[in-house]
Amino acid sequence: MRRYLAVGLDCYLCLVIAGLLARPHVDATPLPGDVALLLGPVLALSFLNQVVLTAFAGGGAGKLIMGIRVVSLPDGGRPGPGQLVRRWLHGLCWLPLQPWYGLRAHHARKGDGPGPAPRCCEEGDPYAEPCADPAGVRQVRRSDLAARRRAAGRAAA
């Protein structure tokens, strides 16, 4: 539940800030221009939050507020910039398609769908087992990460 709240916070903050940046220019442009005026800042803020902030602080704004860290698999260290960019791009492709995957899964369960039920990554959470994260990162609670590091320190001693 923490991850979903963190994603919601990230989306909310991104849209509010992009809206505030675009607001002074909205009246001067027609509707298609308004969409483009909002889309640019949304993508830029999303990149800054999901890639740059995560590289420096271990998580985006929503994840930090919710006490979640993004770590590299399997060692639990900081993910590299390439991993974070792949994760961001995967999220941009995965999230907008969720209504489609949900409809496909619903129709497949009823028996009137276009075939077998979608894979777990398409059906819902791409980070759930047995689906592997495409970028090789995992979201963990900050307290669990600290406990793991303490345990690893005792085992090494």
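The legends below describe close-up views of a predicted model.

**View 1. Surroundings of Thr54 in helix 2.** Thr54 belongs to helix 2, which spans residues 31–57, and, with a relative accessibility of 2%, this residue counts as buried because the cut-off for that class is under 20% relative accessible area. The side chain of Thr54 comes to 3.0 Å from the backbone oxygen of Gln50. When residues up to four places away in sequence are left aside, the residues touched by Thr54 are Asn49, Gly59, Gly60, Val70 and Leu84.

**View 2. The largest nonpolar core and the contacts of Val51.** Six residues make up the largest nonpolar core, namely Val51, Val70, Leu84, Trp88, Ala135 and Val137. Among these, Val70 and Leu84 are also touched by Thr54, the buried residue of the preceding view. Val51, for its part, is in contact with Ser46, Leu84, Val85 and Trp88, again without counting residues up to four places away in sequence.

**View 3. A nonpolar patch on the surface.** Tyr12, Leu13, Val16, Ile17, Leu20, Leu21 and Ile65 together form this surface patch, and their combined accessible area is about 670 Å². The greatest contribution to the nonpolar patch comes from helix 1, residues 2–22, which supplies six residues.

**View 4. Val16 within the patch.** Val16, one of the residues of the nonpolar patch, is located in helix 1. Its relative accessible area of 34% makes Val16 partly exposed, because that class lies between the limits of under 20% for buried and over 50% for exposed residues.

Terms used:
Residues numbered from 1 in each chain as written. Predicted model: local features only at pLDDT ≥ 70, side-chain atom pairs only at ≥ 80, totals over all residues. Heavy atoms only, no water. Helix = DSSP H or I, 4+ residues; strand = E, 2+ residues; numbered from the N terminus. Buried < 20%, exposed > 50% of the residue type's maximum accessible area, 1.4 Å probe, protein only. Polar contact = N/O pair within 3.5 Å; in protein donor to acceptor, adjacent residues only side chain to side chain. Contact = heavy atoms within 4.5 Å. Patch = residues over 30% accessible without salt bridge, like charges linked within 9 Å, V, L, I, M, F, W, Y side chains within 5 Å. Areas by Shrake-Rupley, 256 points an atom, 1.4 Å probe, with all protein chains shown as cover. Salt bridge = Lys/Arg side-chain N within 4 Å of Asp/Glu carboxyl O. Core = buried A, V, L, I, M, F, W, Y, C linked by side-chain atoms within 4.5 Å.
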